[in-house]
Amino acid sequence: MKFLFTVGGSQAAVFGVAPLATAARNAGHEILLAADEPLMAAAQSVGLPAVCITPERMRYGQEAMTATVRLDALLELTEQWTPDLVVGGLSHVPRVLAARLKVPYVRHIWHIAPMARRDRTAVAELQPELGRLGLAELPAPDLFIDLCPPSLRPPGAPTARSMRWVPRVSQSRIEPWMYTRPEGRHRVLITAGTRNLMLDTPGSSLRKLVDELTGAGAEVLIAALPEAAERFGSELGDVRIGWIPLDVVAPTCDLAVHHGGATTAMTLINAGVPQLIIPDNGYGKAVAEAIRGFGAAVMVDRHRPEAGQDPDEVTVAGCRRILSDPRYAERTRILATEAASLPTPAEVLREIEALAAH
């Protein structure tokens, strides 16, 4: 069978769908990943056959990709390569595509944040396309796959088929320090994901946080883009900074400080690592609130600093609290156990195959 996987947004979307796409490929199905130009390198790094759907005139940012343009690009692709089933994520464009093609649609997301408002806006944008199909509203997905552990799903979340999160990131050569835990010291990982050069701390003083952690005897690792490592490396003292494989390094860490990205948060949960989250947007804040609510994280909201307190001190104090209080690690391990008990991509694939076969 032929399965079309569609992604948009950041590299995290590619990494999130890669395990299911790989499972389908390993089972002998033909797969294609349809993605925007900026995601081509990420797809290549995890070994997925990907086709760029960004029109030539838009590849250098001259125009924005509207829902209609994206749908037209997907329709052009499927005239040449017609799938038996479409898999999409946050965007509803692939759902309209599946309806046009009259094939099953699978929605595959990490549902940790309420999405009702976002979904309403997206449906309104797609109304002209729905009208052409004679549809008053978007048809429901034939299968909704949720990568979020059930304990972290928001109230009122739609019924879903839970699936295990499988960490996947861009790979390069692995060094021994990446998979070995330092003796007699805590290891703390700091990362801002792939969209930002560096973590935006509340007081914009990453150096202070690094100094406090290293001064307390911790080893600090900073996962950062190459340009960030070159620009900030000399300012941050004796720390490792640059490309760090999160899936390999996470199990060796005692704490991670990050921005609230889905790939980062779930990879850390999988590895049983407590988190201090400094959200960089509303989605990151929803992630932070959910994990904090379970007792596995501390959130520092840089947009609403605690009255009368230095934001940097709040961050440092949060790190100290997590490293000294074993309850954060205990709660994270409970989440890790729950996540590990969920069906694997290969197991969920059987349900997808049954959909496509009808």
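This is a short tour of a predicted model, moving from its first strand to a few side-chain contacts.

Start by selecting residues 2–6, which form strand E1. Four of the five residues here are buried, so the rest of the structure largely encloses E1.

Keep E1 on screen and add residues 30–35, strand E2. The two strands run parallel to each other and are paired over five bridges. To see one particular pairing, pick Thr6 in E1 and look across to Ala34, its bridge partner in E2.

Now show residues 11–26 as well, which are helix H1. Together, E1, H1 and E2 form a β-α-β unit, and its hand is right-handed.

Next, select residues 85–88, strand E4. E4 also pairs with E1 in the parallel sense, over three bridges. Pick Phe5 here: its bridge partner in E4 is Val87.

Leave the strands and go to Asp301, in the loop that links strand E13 (297–299) to helix H13 (311–324). Is Asp301 buried or exposed? Its relative accessibility is 15%, and because buried means under 20%, Asp301 counts as buried. Display the side chain of Lys285 too: a polar contact of 3.3 Å joins it to the side chain of Asp301.

Finish with the aromatic rings. Select Trp177 and Arg240: the charged end of Arg240 sits over the Trp177 ring, 4.2 Å from the ring's centre. Then select Phe294 and Arg331, where the charged end of Arg331 sits over the ring of Phe294 at 4.0 Å from its centre. How many aromatic pairs does the structure hold? The count is zero.

Notes:
Residues are numbered from 1 along each chain as its sequence is written. This is a predicted model: local features need pLDDT of at least 70, side-chain atom pairs count only at pLDDT 80 or more; totals for chains, interfaces and linings use all residues. Side-chain values use heavy atoms; hydrogens and water are left out. Buried means under 20% relative accessible area, exposed over 50%, partly exposed in between (1.4 Å probe, protein chains only). A polar contact is a pair of N or O atoms within 3.5 Å; within protein, one must be able to donate a hydrogen and the other to accept it, and residues adjacent in sequence count only if both atoms are side-chain atoms. Rings of Phe, Tyr and Trp (its six-membered ring) pair if their centres lie within 6.5 Å; planes under 30 degrees apart count as stacked, over 60 as edge-to-face and the rest as tilted. A charge sits over a ring if NZ of Lys or CZ of Arg is within 6 Å of the ring centre and within 35 degrees of the ring normal. Two strands pair if DSSP finds at least two bridges between them. A crossover is right-handed if, with the strands pointing away from the viewer, the path from the first strand over the helix to the second runs clockwise.
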